[in-house]
Amino acid sequence: MKRPDPGRQAVPRLRRPAIRLSHVDARGRARMVDVSAKPPTLREAVAAGTIRMSHAAFRTVRSRRAAKGDAVAIARVAGISAAKRTSELIPLCHAIPLEHVEVDVRFGANRRTIEVESRVRARWSTGVEMEALVAVAASLLTLYDMVKAIDRGMTLGAIRLLRKIGGRSGEFVRADRP
């Protein structure tokens, strides 16, 4: 058994305040948050993400001549569809009647990176951040699928919430937004 060093003082343990997670009950079990008492208010979220690919794959997407069709148009539709089905993909998300979903695809000046940005809006009693993030992820995955025959080494990255408004927590604006 190791004896304590008499010249060393014990470091007091700092107690961290208990963080209450909304999707976990008092016994630690997963639960869906009850939003029935919350009034519907306008909620909006903006998310973005990137995909980096070879110059050849980038040119193919930009020219809208992928063998499978117009990758940009199909990625937009995939993002919109995914946002509407978020509660089917993320187990504890509420099914939210979305009023607006927009997906924008921008081509980077480096001719290798494509950024996807989504904007989701609803008048509801819970936020739409997950819907915006899922829209971006599905759009990026669709771009990958559309040109994977040209470049299987593509990298998806930096999927992040840029902004959200509405709800009890108020407005969030990402500090490191480009």
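**Exercise 1. The largest pocket**

How many nonpolar, polar and charged residues does the lining of the largest pocket have? Describe the pocket and its lining.

*Solution.* The model is predicted: local features need pLDDT of at least 70, side-chain atom pairs count only at pLDDT 80 or more, and totals for chains, interfaces and linings use all residues. Residues are numbered from 1 along each chain as its sequence is written, and side-chain values use heavy atoms, with hydrogens and water left out.

Step 1. Fix the terms. A pocket is an open set of points on a 1 Å grid over the protein atoms alone, where a 1.4 Å probe fits and protein lies on both sides within 12 Å along at least five of seven lines; lining residues have an atom within 4 Å of a point. The volume is the space filled by probe spheres set on the points, which are joined across faces, edges and corners.

Step 2. State the volume. The largest pocket has about 620 Å³.

Step 3. Sort the lining by class. There are nine nonpolar, eight polar and nine charged residues. Here Ala, Val, Leu, Ile, Met, Phe, Trp, Tyr, Cys and Pro count as nonpolar, Asp, Glu, Lys and Arg as charged, and the others, Gly among them, as polar.

Step 4. Locate the centre. Of the 26 lining residues, Ser22, His23, Lys38, Thr126 and Gly127 lie nearest to the centre of the pocket.

Step 5. Assign the lining to elements. Both α4 (129-147) and β4 (155-165) supply at least two lining residues, and α4 gives the most, with three. Helices (H or I, at least four residues) and strands (E, at least two) are DSSP runs, numbered from the N terminus.

**Exercise 2. The sheet**

In what order do the five strands form the open sheet? Build the sheet pair by pair.

*Solution.*

Step 1. List the elements. The chain has four helices and five strands, which run β-α-α-α-β-β-α-β-β from the N terminus.

Step 2. Establish the order. The open sheet reads β2-β3-β1-β4-β5, with antiparallel pairing. The edge strands are β2 and β5 (172-173), each of which pairs on one side only. Two strands pair if DSSP finds at least two bridges between them.

Step 3. Examine each pair.

- β2 (residues 100-107) and β3 (residues 113-124) are joined by eight bridges; Asp104 has Glu117 of β3 as its bridge partner.
- β1 (residues 41-52) and β3 share twelve bridges; Val46 has Arg119 of β3 as its partner.
- β1 and β4 pair over eight bridges; the partner of Ile51 in β4 is Leu156.
- β4 and β5 are joined by two bridges; Lys164 stands opposite Phe172 in β5.

Step 4. Identify the hairpins. One is formed by β2 and β3, with five residues between them. Another is formed by β4 and β5, with six residues between them; Gly166 in its turn has a positive phi of about 95°.

**Exercise 3. Positive phi outside glycine**

Where does Arg111 lie, and is Arg111 buried or exposed? Treat Ala158 in the same way.

*Solution.*

Step 1. Recall the background. Most residues other than glycine have a negative phi.

Step 2. Take Arg111. Its phi is near 60°, a positive value, and its place is the loop between β2 and β3. Arg111 counts as exposed because its relative accessible area is 53%. The classes are buried (under 20% relative accessible area), exposed (over 50%) and partly exposed (in between), with a 1.4 Å probe and protein chains only.

Step 3. Take Ala158. Phi is positive here as well, near 55°, but Ala158 lies in strand β4. Ala158 is partly exposed because its relative accessibility is 46%.

**Exercise 4. Two helix residues and the whole chain**

Which residues does Thr60 contact beyond its neighbours within four places in sequence? Compare its setting with that of Lys84, and then consider the chain.

*Solution.*

Step 1. Thr60 belongs to helix α1 (residues 55-63) and is buried, since its relative accessibility is 17%. Beyond those neighbours, Thr60 contacts (heavy atoms within 4.5 Å) Arg65, Ala66, Val147 and Ile150.

Step 2. Lys84 belongs to helix α2 (residues 71-84) and is exposed, since its relative accessible area is 59%. Lys84 and Glu131 are 47 residues apart in sequence, yet 7.2 Å apart in space, C-alpha to C-alpha.

Step 3. Of the 178 residues of the chain, 34% count as buried. Among contacts with a separation of 6 or more, 69% link residues 24 or more positions apart.
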